[in-house]
Each structure stands twice: as C-alpha cells, then as structure tokens.
Amino acid sequence: MSDDIMKFDEDDAVNFIRETLPKSVSEKYSDDEILYVIDTIWDWYEKNGYLSLDTEVTDDGLLDEEQLVAYVRKEIRNDKEIMMDPDDVGLIVKGELQYEESIDNSF
C-alpha cells in the first residue's frame, strides 16, 4: 500500500468519488465532508496496520470493507460537526476504494 500513498491525490479522489455517487448524494456533501471520510478511511488503515512498511497486504480479501464502513460511520456519528446519512457514507467509502483500485491499475 505504500506505493498507493505516493500516487494518491485527494483532489482526484474527491472527483472520482463524486463520479461514482448518484447525483442526489454527490450534491449533498461538500468536498471537505468527502475529504473527512477519506481521512477517516486512512486513519482506519493506520490503526489496522495497512500503512506499515513491514506489512505486506497484497490480497484484497484482507480488507474488511464492512468493518471499514462501520468504523467510518461511528467516527462520523461521534463528530458533532459532520452530518451524513449512514447509507451515503457506505457509498463514499466504496467510491474511495474504487479510486484506490484505479490508481493501482494505472501503473
């Protein structure tokens, strides 16, 4: 995953995620709110060892998407400034994971 960090671009990620979302969902959230979800995803990666240089995470099956979505939803519930529909959070997380996959496949 460390190569992904070098290729990852937040602006590109936000634009990519917006393209994966239904228009009605995309229009509800600012770029900053989507970036909050992205940052929370990367916090989860760090807490679960996905960013460790000595961890070899090569099998997509190792990432528990449901656990990731649950973590992001919990963090948003605990943050009193961000209000997001839990279903929308799942869509944004899926869009971010698709973005990561797209940058993986582009090199």
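Is T40 buried or exposed in this structure? In this predicted model, T40 counts as buried, because its relative accessibility is 4% and buried means under 20%. The residue lies in helix 4, and, leaving aside its neighbours within four places in sequence, T40 is in contact with Y71, V72 and E75.

**The nonpolar core**

One of these partners, V72, leads on to the interior of the model, since V72 belongs with I38 and V93 to the residues that have the most contacts inside the largest nonpolar core, a set of 29 residues. The elements that give two or more residues to this core are helix 2 (10-20), helix 4 (31-47), helix 5 (65-78) and helix 6 (86-105). Helix 4, the element that also holds T40, supplies the largest share of the core, namely eight residues. For I38, the contacts that remain once neighbours within four places in sequence are left aside are F8, A13, V14, I17 and E96.

**The aromatic rings**

A pair of aromatic rings is described by the distance of the centres and the angle of the planes. In this model the count comes to seven aromatic pairs. In the pair of W42 and Y45, the ring centres are 5.1 Å apart and the planes stand at 80 degrees, which is over 60 degrees, so the pair is edge-to-face. Both residues lie in helix 4, where W42 and Y45 are three residues apart, about one turn of the helix. Y45 also forms an aromatic pair with Y50, and here the arrangement is tilted, with 5.7 Å from centre to centre and 45 degrees between the planes.

How do these three residues stand with respect to the surface? W42 is buried, because its relative accessible area is 14% and the limit for buried is under 20%. Y45 is likewise buried, with a relative accessible area of 0%, and Y50 counts as buried at 9% relative accessibility. W42, Y45 and Y50 belong to one aromatic cluster, which also includes F8, F16, W44 and Y99. F8 therefore appears in two parts of this description, as a member of the aromatic cluster and as a contact of I38.

**The salt bridges**

Side chains of opposite charge can pair when their charged atoms come close. A search of the whole structure finds five salt bridges, and the table gives three of them, with the distance between nitrogen and oxygen.

| Salt bridge | N to O distance |
|---|---|
| D31 and R18 | 2.8 Å |
| K94 and E65 | 2.8 Å |
| E75 and K74 | 3.6 Å |

The pair of D31 and R18 links distant parts of the chain, with D31 in helix 4 and R18 in helix 2, 13 residues apart. The pair of K94 and E65 also links distant parts of the chain, K94 being in helix 6 and E65 in helix 5, 29 residues apart.

The accessibility of these charged residues can be set beside that of the aromatic ones. D31 counts as partly exposed at 41% relative accessibility, and K94 is partly exposed with a relative accessible area of 41%, while E65 counts as partly exposed at 28%. In the third bridge, K74 is partly exposed with a relative accessible area of 36%, and E75 is partly exposed with 22%. E75 brings the account back to its beginning, since E75 is one of the contacts of the buried residue T40.

Definitions and conventions:
Residues are numbered from 1 along each chain as its sequence is written. This is a predicted model: local features need pLDDT of at least 70, side-chain atom pairs count only at pLDDT 80 or more; totals for chains, interfaces and linings use all residues. Side-chain values use heavy atoms; hydrogens and water are left out. A nonpolar core is a set of buried Ala, Val, Leu, Ile, Met, Phe, Trp, Tyr and Cys residues joined through side-chain atoms within 4.5 Å. Buried means under 20% relative accessible area, exposed over 50%, partly exposed in between (1.4 Å probe, protein chains only). Helices (H or I, at least four residues) and strands (E, at least two) are DSSP runs, numbered from the N terminus. Contact means heavy atoms within 4.5 Å. Rings of Phe, Tyr and Trp (its six-membered ring) pair if their centres lie within 6.5 Å; planes under 30 degrees apart count as stacked, over 60 as edge-to-face and the rest as tilted. A salt bridge is a side-chain nitrogen of Lys or Arg within 4 Å of a carboxyl oxygen of Asp or Glu.
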